[in-house]
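Got your viewer open and a selection box ready? Load the model and follow along.

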Amino acid sequence: MQGTSLTESSTAKGIRPSEPVSSDLLVRLQMHSNPDALCLVRATVERATELLHFHETQTRAIVRSVDEALANVIRHAYKGKSGLPIEITCKKLRVDRNGAPVTGLEILLEDSGVALDPAKLKGRALEDLRPGGLGLHFIYQSMDEVEFSHKNGKNQLRMVKYTVPANTVVKPEGE
Amino acid sequence: MQIAARASDGFTIFDISGDIDLAHSPQMRKALLGEIKEKRIPRVYLNMKNVRYIDSSGIASLVEGLKASRDAGTRLILYSLNNSVREVMQLSRLQKIFEIFDDEAQALAS
């Protein structure tokens, strides 16, 4: 798959992804595909959301999304094998929305597992009462932008959450 | 995650604390299914007051427990869910599928 690009850009709320005005690295983590390490990542991501002054409900949504995405990497891309590499990068984004600055948190997950077909990465219907298939549903419901890709032999998942919901009209200062 | 059982005549209460995530949901699943499928306890209660976090694998274990209890003709009852757990139940649209009560007294009286 090296050199190919398999991308599904998903605007979870039907909003076009925003071009950042600036992007600052907050933290980069390297972990192994070990479920016991998930609590460490959740704690770190929670602190990152606090730095950016996300609301408590938004913080829980972001932490949940990262945790579910990592669980999917461990279970599906790495098929449950432990000790395989995953990298998590958190950046502070600033985008311009109608002339007003809006802050966001971008989280990029990278793994070297089996490339998954984004078209098949759909959560199950909620009406179907059975175990499993909920993780993706949580991610799509929680994040403003969700983008799967496969570049240079790595699976990438980019997720963005803005401090102001993506479907909110932000007025420039002075209006 | 820690799980402690209080057994009484006709029911078992599991007091769960900590995070129910990919690392720990198998432990909860095993405990639940042991009471429901093997011991066939008529009522199994989950006290979730001290659960900080639950992920989709934890929810999957609860759904499996619920289905097992329906098959066995018994009840699986949850109570004292905090905001974090309630949000996940709502996201999963499961809040009306499970029997959920505010506290232990209400749950036991149901």
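Here is a short tour of this predicted model, with something to select at each stop.

**Stop 1: color chain A by confidence.** Chain A averages a pLDDT of 83, and 75% of its residues score at least 70. For the high end, pick helix H1(A), residues 38-51, where the mean is 97. For the low end, go to strand E1(A), residues 6-10, which has a mean of 47. Now widen the selection to residues 1-12 of chain A: pLDDT stays under 50 throughout, though the model still has 29 contacts there beyond four places in sequence.

**Stop 2: a helix pair in chain A.** Select helix H2(A), residues 56-77, together with helix H3(A), residues 135-142. Their axes sit 9 Å apart, at an angle of about 145 degrees, and the crossing is left-handed. Show side chains at the contact: on H2(A), choose Ala61(A), Ile62(A), Arg64(A), Ser65(A), Glu68(A), Ala69(A), Ala71(A) and Asn72(A). From H3(A), add Gly135(A), Phe138(A), Ile139(A) and Ser142(A). Color this contact by class and you should get six nonpolar, four polar and two charged residues.

**Stop 3: over to chain B.** Center on Leu46(B), which lies in strand E3(B), residues 43-54. Is Leu46(B) buried or exposed? Leu46(B) counts as buried because it has 26 C-beta neighbours inside 10 Å, and the cut-off for buried is 20 or more. Leaving out residues up to four places away in sequence, Leu46(B) touches Phe14(B), Ile16(B) and Leu78(B). Finally, add Ile100(B) and draw a C-alpha distance to Leu46(B): the two are 54 residues apart along the chain, with 9.6 Å between those atoms.

Methods
Residues numbered from 1 in each chain as written. Chains lettered and ligands numbered in written order. Predicted model: local features only at pLDDT ≥ 70, side-chain atom pairs only at ≥ 80, totals over all residues. Helix = DSSP H or I, 4+ residues; strand = E, 2+ residues; numbered from the N terminus. Buried ≥ 20, exposed ≤ 12 C-beta atoms within 10 Å, placed from the backbone. Contact = placed C-beta atoms within 7 Å. Axes fitted to C-alpha atoms, helices over the stretch in contact; angles between N-to-C directions. Left-handed = near helix turned anticlockwise from the far one by under 90°. Nonpolar A, V, L, I, M, F, W, Y, C, P; charged D, E, K, R; others polar. pLDDT = per-residue confidence, 0-100.
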